[in-house]
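Let's take a walk through this one together, starting at a binding site and moving out to the charged pairs. Have the model open as you read.

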Amino acid sequence: MKRALITGLTGQDGSYLAKFLLDKGYKVYGMHRRTSMDIFERVGDIKNRIQIVDGDLTDTASLIRLLREINPDEIYNLASQSFVPASWTQPISTGNITGLGVLRILEVIRLINPKIKFYQASSSEMFGKAQDNPQTEKTPFHPSNPYAIAKVYGYWITKHYKEAYGIFACNGILFNHESPTRGKQFVTRKISHSVAKIKLGFQECFELGNLNAKRDWGFAGDYAEAMWLMLQQDKPDDYIIATGETHSVREFVEEAFNVVDMPIMWEGEGMNEVGKYNGKIVIKVNPKFYRPVEVDCLLGNPEKAKRELGWEPKTKFKEIARMMVNYDIKRLGEKGLQAVDR
Ligand code: NAP
Ligand code: G4F
């Protein structure tokens, strides 16, 4: 039985990857940092099939202990401070976790067992003010926030440990991927949750920032397989994982309201733009959600992953919006606003 250690178990991707690896017959260890609340909601259904272990990417001693105790065959480093706006308000801890955290794990692998295979959750945010369209594995990076800059460090230190020490280390350069369990701060889930609240009469209107930003949005469930495939190849390499389609925040809003048969009409411009349904305002723009530097458009070319890994995205943009809105409607209907709107 192969052993895999996942950092970031409690996050969106951690839960999808844990389920995927369990289905492949792995013994799965999920790293969790101590918190004051129960945060195992995303892995509730598989909690008794995985080994939950304590550790923190800022605490090298905890990583040494875990690698000695578990001696995993594969490590998937999904843990990070992953919310871009928080990287401006907490730039140092973001650099420490999202950047230096990668080095801590790699150094512990080098010292304890350099045969462990390593996956690094790199990000399309590294392209930032993108130099090519679509972006490929050869596109230069131009990161535009402290999170993306920390991810560029994580990317290069992963490559360096491969080149300098022969560690089997891969970067998955994943474009945005969403799901019903996406954190509610991220724009797609903020929209699906707000649309559900409006449809069920809990709320009249919600606010967004830049409606024109474009992202290559895929489904998190499809992307877990790509992470695993990278570590099953003969040689370590880096891969773009994307859908090859880009859509604006505005289009995601329209699609989400279409799911509940509430077509949106837009009126006004810039900060004064509003979205209306049946003459009533349901969306406003609030500059509080604008970013000091915006990443205007991300679009990935997943050809290399298709060719070499045999990986393809399965879930289309409209299906992702439908899945997320329907989940939020069901959850709100079953549990009520107070239980889910924390
Ligand atoms: P997420 O939902 O924000 O999950 C992040 C995970 O990291 C959580 O389990 C969090 O634990 C954990 N974590 C944060 N700081 C930690 C620390 N100091 N020590 C140990 N664990 C810590 O992120 P995600 O969407 O699943 O993304 C997974 C990874 O892929 C992240 O590295 C992200 O940057 C990267 N990525 C994501 C996307 C995307 O579109 N989702 C795209 C490209 C790359 P708590 O639950 O305790 O906070
Ligand atoms: O959903 P977002 O916050 O995701 P963002 O910044 O693209 O980052 C996500 O994807 C990255 C991969 O490219 C990951 F590395 C990262 O960890 C994270 O998972 O914002 C998407 C877009 C932005 O352009 C933002 O300005 O939506 C725009 N937006 C407009 N209104 C908003 C809002 N974003 C948020 N979060 N909230 C808004 O109200």
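**Around ligand 2**

The shell around ligand 2 is made up of ten nonpolar, seven polar and six charged residues. In that split, Ala, Val, Leu, Ile, Met, Phe, Trp, Tyr, Cys and Pro are nonpolar, Asp, Glu, Lys and Arg are charged, and the others, Gly among them, are polar. A word on ground rules: this is a predicted model, where local features need pLDDT of at least 70, side-chain atom pairs count only at pLDDT 80 or more, and totals for chains, interfaces and linings use all residues. Residues are numbered from 1 along each chain as its sequence is written, chains are lettered from A and ligands numbered from 1 in the order in which they are written, and side-chain values use heavy atoms, leaving out hydrogens and water.

Of the 23 residues around ligand 2 (near means a heavy atom within 4 Å), S123, S124, Y147, R291 and E294 come nearest. Now look for polar contacts (pairs of N or O atoms within 3.5 Å; within protein, one must be able to donate a hydrogen and the other to accept it, and residues adjacent in sequence count only if both atoms are side-chain atoms). K190 puts a polar side-chain atom 2.7 Å from an oxygen atom of ligand 2. The backbone joins in too: a polar backbone atom of Q185 is 2.9 Å from a nitrogen atom of the ligand, and a backbone N or O atom of G209 lies 2.8 Å from a nitrogen atom of ligand 2. The protein covers 95% of the 720 Å² of accessible area that ligand 2 has on its own (Shrake-Rupley method, 1.4 Å probe; for residues, only the protein chains shown count as cover).

On to the salt bridges, meaning a side-chain nitrogen of Lys or Arg within 4 Å of a carboxyl oxygen of Asp or Glu. The count comes to 20. One of them joins R189 and D328, at 2.8 Å from N to O. R189 sits in helix 6 (residues 187-199) and D328 in helix 10 (residues 317-335), 139 residues apart, so this pair links distant parts of the chain (helices are DSSP runs of H or I, at least four residues, and strands runs of E, at least two, numbered from the N terminus). Both R189 and D328 are buried, that is, under 20% relative accessible area, with exposed being over 50% and partly exposed in between (1.4 Å probe, protein chains only).

Compare K330 and E334, whose side chains meet at 3.5 Å, N to O. Both lie in helix 10, four residues apart, about one turn of the helix. K330 is exposed at 55% relative accessible area, and E334 is exposed at 57%.
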